[in-house]
Structure formats: structure tokens, C-alpha cells
Amino acid sequence: MRMRRIARPSVIAAAACAVALAAAACSSGSTSTSAGGSGGSGFQGTALNGAGSTFAAPLYQLWSQSFLQKEPDAQINYQAIGSGGGIEQFTANTVDFGASDVPLQSDEIANLPSKDYIQFPTALGAVVFAYNVTGVYSGLRLDGKTTADIFLGNITSWNDPEIASQNPGVNLPDEPIQVVHRSDESGTTSVWTSWLSAESSEWSQKVGADKAVQWPVGTGGNGNEGVASGISQTEGGAGYLSYDFAVSANLGIADIKAPDGSYIAPSIDSISKAGGGLKFPITSDANILNASTKGAYPVASTTYVLVYTDQTDQSKAQTLVDFWTWALTDGQSQTEQINYAPLPSGFAADALKEVSKITVNGTPVSPTSSTG
């Protein structure tokens, strides 16, 4: 098999996201500006606070910076603390929006202070198997069982026959695999362990799927950035993280075996193909893993935003509607710049219908003319 090295454009890390956006908010101030109704053309926006997914953080930073051209006071302070933390802060009502890579579960919904909320997708991405092995570039082939066996500790060396049999002609070293996993509650972890559970009965029985699990082997890293750093700094390192972070860190990225037997590399095209079957309503088990479309990357994922619809602050409600309306329309064209994929057009239109449910004291909020 001919191995290949893919281009890796630079993206901005999640830790920088929270710092940069917070600094921007501080420098411009956060005084609310009244919209004077649902959608005046002179509305300048106001500061918003969000928290959650590190998977989506680079995209939200890019969108936040771009949206300032529409509403210069719409500073977004986004804390990339992981999906679990985002849901906790959304539940505590300490942020204007939460962000998660998996839909809310029934127990999380039961804990919400209000059932007047929406959750809608914003983009498509992928969770990848990334590695740092001298001489082995992107394109190492792995099926689900082999990947699960690595994270179970059943496979401990890079030249194990289970790996070698899928990679004829590749010079795999006799060196230990150093597993790196997330240490925080993470939607990325939920996506990855859900896929492992579908691929390996042993994984499903011993570990299972959740935003945090008891890892049989490996060391933990905080956020996608922490996992990327752990792999990069360790010869023989391997772990899972979002595609954009793996590309930015210049890590090797595996091709994953699809249900039809083909090995698929993550790419904008293969991620997009996985999203073709998305539909509303969003259920707790909604996912796009192992999509049946030919050429679809098997571990693709959506990422979601959570907003309470019964808002009381006119300026914040208007900015929420304007920002997410823009993100689901014009903002979709920016996703590919940093290795995400846009939502299917029909699905994005359905997401806009969810945004339209936001009200201020019972009055619907329409997007301003510059963003709608």
C-alpha cells in the first residue's frame, strides 16, 4: 500500500479560542445595545457567552471573527471546556448557549431548568485515529476491531499482525503503542466510544460508550488540543481527536474500514457524504456513524448548539438569532477552510426553523436584514 502525507493547513487551537475571544470582548466592552424590536437594520449586536465542545471551537472562533463585520459589538466569549462542561453550564443557565458534539440525553433534559430550549446542528466533522510513528505517514489502514483492540490494550505494538495484515508493504516498527485519550467529559469521546462499541462486542461489554469512560490503557489529555499535544510529544503515540486538530498538529491519520469493506480517509468529501441522512427531530441517539453512503467516512459527526428559547434580554436574543442565522447560511461556506464540512442544505434549513423559535418575553425574534 502506498502511504501518503496530506496537506495540513494551520488552524487556531481551542485554548487560544477562549483567550482570544475573551480578550476581544474585554477590549470592546460588553454593554448591551437595545435592538428596539426584532430586527432593526442598525443593530450592532452585543456580547454573548458560550461554552462546550472543543471539537467545534476553531470553527466558532472563525465564525465569531467574521461576524464582527456584520455586528461589531457581537463579541463571542466561548469557553472550549468540552461537551460535558458545556451542558453543565447550559443547565446552570450561566451561558447564553451551550455546545455539544452529541445530543442531550434523557437525564440531561430532565435536569434542565426549562424545557423551552432548542438544539440544532451547526456543521459536520470527523473523529480520527491519529498517530506519531516515524516513517509511517497518513493512510495507515485500520478496521474497527483492530482499533478497539488497541484501546483495550489487546494490541500493544505497532507491528502486531492485526495491524500488519491490513497494511502490506508498510514498514511497521517494533515499538510500543502509547495510547492517549481524553481526560475530560467529551462529546468527541462519546462519538468515538459509540463507534468502538458498534465495532467490537468486547469493547461494548467492557467499556461501553459515554462522554467519559474507564479507559483500560493510556494517558489522558484535556480537550482535543491536549490529546494532539500528547500524541505529538510521544514517539509511538496514538489517540482519537477531531480531524481539524489532527491536521493542525501534523499527525498521521488512519484510513478507517467502512461497512462495505473499503478503507476511507477523512476529507471534506467523505465527511459530507456521511451527513446525507440527517433529519429532524434530533433524538438522543442521533448520529451519522457508519453511514451507508459509498465513500462516507465511518466516524463522522455533527456538532450541536443549545439555546433556551424563552429569552428575556432583547439585545442578547437578537444577537443569538442573528449570529446563528448567519452561521447556518453564509457561515457554512467557511467550514471547509478549517477541515469541517457544511450541513446538507435541507438540514441547515431545518436548523434555521429551530432558531426561529427564539422569543423575547413571548415575542418572536426575526433576524436583522443584514444576517437573515
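**Buried helices and aromatic pairs in a predicted model**

N224 lies in helix α9, which covers residues 223–232. In this predicted model, N224 counts as buried because its relative accessible area is just 1%, under the 20% cut-off. Setting aside neighbours within four places in sequence, the contacts of N224 are T54, F55, R182, T188, L241, S242 and F245.

One of those contacts, T188, leads over to helix α7. This helix runs from residue 187 to residue 199 and has 13 residues. From first C-alpha to last, α7 reaches 18 Å, close to the 18 Å expected at 1.5 Å a residue. At its N-terminal end sits a cap: a side-chain oxygen of S186 lies 3.0 Å from the backbone nitrogen of T188. The rest of the structure largely encloses α7, since 10 of its 13 residues are buried. These are G187, T188, T189, S190, V191, W192, T193, W195, L196 and S197. T188 thus turns up in three places: it is in contact with N224, its backbone nitrogen faces the S186 cap, and it is buried.

Helix α5 (residues 144–152) packs against α7. The two axes come within 9 Å and cross at roughly 115 degrees, and the crossing is left-handed. On the α5 side, G144, K145, T147, A148 and F151 make the contacts; on the α7 side, W192, W195, L196 and E199 do. W192, W195 and L196 are also among the buried residues of α7.

Helix α2 is mostly covered as well, with 10 of its 11 residues buried. The buried set is A57, P58, L59, Y60, Q61, L62, W63, S64, S66 and F67. Several of these are aromatic, which brings in the ring pairs.

The structure holds 24 aromatic pairs. In one of them, the rings of Y60 and W63 have their centres 5.9 Å apart and their planes at 25 degrees, so this pair is stacked. Both residues sit in α2 (residues 57–67), where being 3 residues apart puts about one helical turn between them. That fits the usual helix geometry: with 3.6 residues a turn, residues three or four places apart point the same way. Y60 and W63 are both buried.

A second stacked pair is formed by F90 and Y308, at 4.1 Å centre to centre and with 10 degrees between the planes. F90 belongs to helix α3 (residues 83–91) and Y308 to strand β12 (residues 300–308), so the pair ties together parts that are 218 residues apart in sequence. F90 counts as buried because its relative accessibility is 0%, and Y308 is buried too, with a relative accessible area of 6%.

Back at α2, ring pairs join Y60 and W63 to further aromatics in a cluster that also takes in F67, Y78, F97, F120, F323, W324 and W326. F67, like Y60 and W63, is on the list of buried α2 residues.

Finally, strand β11 (residues 263–264) contains I264, which is buried at a relative accessible area of 11%. Not counting residues up to four places away in sequence, I264 touches D255, I256, A258, S270, G295, A296, Y297 and P298. Of these contacts, A296 is 32 residues from I264 along the chain, yet their C-alpha atoms are separated by 7.2 Å.

Key:
Residues numbered from 1 in each chain as written. Predicted model: local features only at pLDDT ≥ 70, side-chain atom pairs only at ≥ 80, totals over all residues. Heavy atoms only, no water. Helix = DSSP H or I, 4+ residues; strand = E, 2+ residues; numbered from the N terminus. Expected span 1.5 Å × (residues − 1). Buried < 20%, exposed > 50% of the residue type's maximum accessible area, 1.4 Å probe, protein only. Polar contact = N/O pair within 3.5 Å; in protein donor to acceptor, adjacent residues only side chain to side chain. Phe/Tyr/Trp six-rings, centres within 6.5 Å; stacked < 30°, edge-to-face > 60°. Contact = heavy atoms within 4.5 Å. Axes fitted to C-alpha atoms, helices over the stretch in contact; angles between N-to-C directions. Left-handed = near helix turned anticlockwise from the far one by under 90°.
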